[in-house]
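Subject: Structure handover

Hi,

Here is the structure I promised to pass on. Please open it before reading further.

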Amino acid sequence: MSQNAAVNSNSFLSGRPVVFRNATVLTIDPSIGMIGNGDVLVVDNRIAEVGRKLIAPENAVEIDATGGILMPGMVDTHRHMWQTALRGFGADWTLTNYFMFYYINWGKIFRAEDIYAGNLLSAIEAVDSGVTTTVDWSHGLQTVEYADAAVDALESVPGRFVLAYGNLLGAPWEWTKAPEFGDFIHRRIDGRGDMLRMQLAFDVTGDPTFPEKAAFEVARDFNLPVTTHAGVWGVTKDDSIRLMHEHGFMTPSTIYVHASTLSDDSYQRIAATGGHASVSAESEHNAGQGYPPTWMLRRHNIPVSLSMDTSVWWSADLFSAMRATLSADRSREHMEAHNRNETVTVSHLRAEQVVTWATLGGAQALGMDGFIGSITPGKKADLVLIKNDQSPVMFPLLHPYGHVVFQAGRGDVHTVMVDGKVVKYDHHLLNVDFAKARQEVMKTVEYARSNMGEQAWDQAMNPERAVVELIDNPYTYIGRAHDK
Ligand SMILES: [Zn+2]
């Protein structure tokens, strides 16, 4: 008698072992590779066995993964989760519009409860779409009370998180020195083990006096990795990298977000000190930090992780990140070749590599690859089953890595497991208070809108348009209307 027939959401509450049956398993472990018709057995919170036709304990819950792809949970190394409270608001922004909105005009109006609301919705969204580890690049923490609210939200959702503590309205060399900052680390982070970790998040201005030095020293004292927006066109430049390097603050745990507009010299310093990049292709495409740099990073042997940046603008969908990254990389290779009057006949970047970046690459960037990032016996069980029997897109399944990148979407995420717990099954989240997230976010939207006033709200959402100048046409245009 198959146990599968009786599987429902209650089956996962008891701590019984779980066995995934008959999946295409992308282990992302180079020593195991891909397993067709594979099984994965999870006992307690760890991957116990990977193989075919595994013998599972009597009381194991069986998940029929036939027709599906089982892969490691995805890892997002840079997401401003608090901004999810205004999802989609900045769809037509430039980076200048973004800076004006958050840094100059309106960042200060957001309250601790607004951070909570955005984080709650974003955390649920992450888990729902198969992102089992998310770095909350939380640069709206005006006081420690805000940070408490951020962590309250993260802790109420069954995902793995890294709080990248930041405050865009303050100077990092000041807020990191506050006694309550160290107290916060002891109260909220210490002892949380693998489920909640912390980084320090701030940008390096390039000021030759290097005021950020004090913040880097605090990071070193607390043993916190630093994550920094680097190589952002017109904002953070080669000088920022050089100053970090000359003062000895570039380490293997440092994450360079975007890393787009940098010289060879900067890339060489990053490579030589073992740092990792966090590429947000959807963001770089739209905001203009620079071209998504994977095509350059591989030449400098800099390891890549993927990220979504912010849902105030674009998606928080790692499937979209994989697609955008692969498209950007190939697009650039074609463009470079065409400029040399050549044709690309061999694709550099492969789908398998991009799936690896979205999983193991993220774990490596966070220094967590010892226990997550691949389906390896002994690692913590963070897993995603992509399976959708109702979808015409899931058949035929011929090139599984390509299928993940170009065919599947987050609507196809069937089951998600974090730390051995099934948190989503059969396309439904388990034990997540979605109604509360909706309610909290609605309150934040109403508050922000009334605080800003209708006119400012509308202007911020609908920024000034660029003018299209028609190219002279010697054959004369036919007089149809054109974009203004
Ligand atoms: Zn960012």
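Below is what was found in it, from the whole chain down to single residues.

Overall picture

Keep in mind that this is a predicted model. The chain holds 15 helices and 17 strands. Its C-alpha trace spans about 70 × 65 × 50 Å along the principal axes. A compact globule of 484 residues would have a radius of gyration near 23 Å, and the chain agrees, because its own value is 23 Å. Of the 484 residues, 57% are buried. Look at contacts between residues at least 6 apart in sequence: 74% of them join residues at least 24 apart. The accessible surface comes to about 20,900 Å². Carbon and sulfur atoms account for 51% of that surface.

Cores

Nonpolar side chains tend to be buried together in soluble globular proteins. Here the largest nonpolar core has 113 residues. F101, Y102, Y165, F184 and M322 have the most contacts inside it. Another core lies apart from it, with 23 residues. Its members include F12, F20, V42 and I375.

Y102 is a good place to zoom in. Which residues is Y102 in contact with, leaving aside its neighbours within four places in sequence? The set is W82, Q83, L86, W93, G107, F110, L168, L169 and V312.

Helix α5

Next, go to α5, residues 179-189. Its buried residues are F181, G182, F184, I185, R188 and I189. They sit on the same side of α5, because they cover an arc of only 150° around the axis. An α-helix has 3.6 residues a turn, so residues three or four places apart point the same way. P179 and H186 are on the other side of α5, and they are exposed. Among the elements covering the buried residues are α3 (144-155), β8 (160-165) and α4 (172-175). The cover also includes β9 (196-201) and α6 (213-221). F184 appears twice in this account: it is buried in α5, and F184 is also among the residues with the most contacts inside the largest core. Just after the helix, G191 takes a positive phi of about 85°.

Strands β1 and β4

Finally, check β4, residues 61-64. Its side chains alternate. V61 and I63 point to one face and are buried. E62 and D64 point to the other face and are not buried. Strand β1 (residues 18-26) runs parallel to β4, and four bridges join the two. One residue to look for is V19, whose bridge partner in β4 is E62.

Best wishes

Conventions:
Residues are numbered from 1 along each chain as its sequence is written. This is a predicted model: local features need pLDDT of at least 70, side-chain atom pairs count only at pLDDT 80 or more; totals for chains, interfaces and linings use all residues. Side-chain values use heavy atoms; hydrogens and water are left out. A nonpolar core is a set of buried Ala, Val, Leu, Ile, Met, Phe, Trp, Tyr and Cys residues joined through side-chain atoms within 4.5 Å. Buried means under 20% relative accessible area, exposed over 50%, partly exposed in between (1.4 Å probe, protein chains only). Contact means heavy atoms within 4.5 Å. The arc is that of the directions from the helix axis to the C-beta atoms. The radius of gyration is taken over C-alpha atoms; the globule rule is 2.2 Å times the number of residues to the power 0.38. Accessible areas come from the Shrake-Rupley method with a 1.4 Å probe; for residues, only the protein chains shown count as cover. Two strands pair if DSSP finds at least two bridges between them.
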